[in-house]
Amino acid sequence: MGDTNVRQNALLRPFGLQRLETARRVSVLSSVALLGVGLAVGAGVALLFAPKTGRELRDDLGRRATRLTETARNAVPKRDNEWTAPNVTTTS
């Protein structure tokens with residue numbers, strides 16, 4: 001089967017064509033390669049332009065998370081711990 005694909009691709013290549021299966025495989029591989037290169041370049045640029053050290057950034061994020069938690073707690077109305085049943089009358 002693989003031999004047949006090689007011969008078919010050899011016949012199609014002079015016309016700028018290739019089997020669809022081969023085209024998809026090449027397309028996926030090139031897309032994954034471009035994604036990897038983009039991630040590497042982005043990480044490098046982020047490290048070059050990072051305004052804070054890792055420890056400073058973690059401390060800052062921790063403070064912001066604490067502040068956000070406190071703001072959310074204050075925004076929710078406080079409820080009494082006691083639950084009172086509504087007045088229900090039963091008829092027998």
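In the predicted model, Asp 60 has a relative accessibility of 12% and is therefore classed as buried. The residue takes part in salt bridges with Lys 52, Arg 63 and Arg 64. The structure as a whole holds 3 salt bridges. Together, Lys 52, Asp 60, Arg 63 and Arg 64 form a linked network of such contacts.

The contact between Asp 60 and Lys 52 has its closest N and O atoms 2.9 Å apart. Lys 52 reaches 38% relative accessibility and so counts as partly exposed, whereas Asp 60, at 12%, counts as buried.

The remaining contacts described here involve arginine side chains. For Asp 60 and Arg 64, the closest N and O atoms are separated by 3.5 Å. Both residues belong to helix α3, with a spacing of 4 residues, about one turn of the helix. For Asp 60 and Arg 63, the corresponding N and O separation is 3.9 Å; this pair qualifies as a salt bridge because the criterion admits a side-chain nitrogen of Lys or Arg within 4 Å of a carboxyl oxygen of Asp or Glu. Asp 60 and Arg 63 lie 3 residues apart in helix α3, which spans residues 54-75, so about one helical turn separates them. Arg 63 has a relative accessible area of 48% and is partly exposed; this class applies because the value does not exceed the 50% limit over which a residue is called exposed.

In general, side chains of opposite charge can pair when their charged atoms come close. In this model, Asp 60 is the acidic partner in the contacts with Lys 52, Arg 63 and Arg 64.

Definitions and conventions: Residues are numbered from 1 along each chain as its sequence is written. This is a predicted model: local features need pLDDT of at least 70, side-chain atom pairs count only at pLDDT 80 or more; totals for chains, interfaces and linings use all residues. Side-chain values use heavy atoms; hydrogens and water are left out. Buried means under 20% relative accessible area, exposed over 50%, partly exposed in between (1.4 Å probe, protein chains only). Helices (H or I, at least four residues) and strands (E, at least two) are DSSP runs, numbered from the N terminus.
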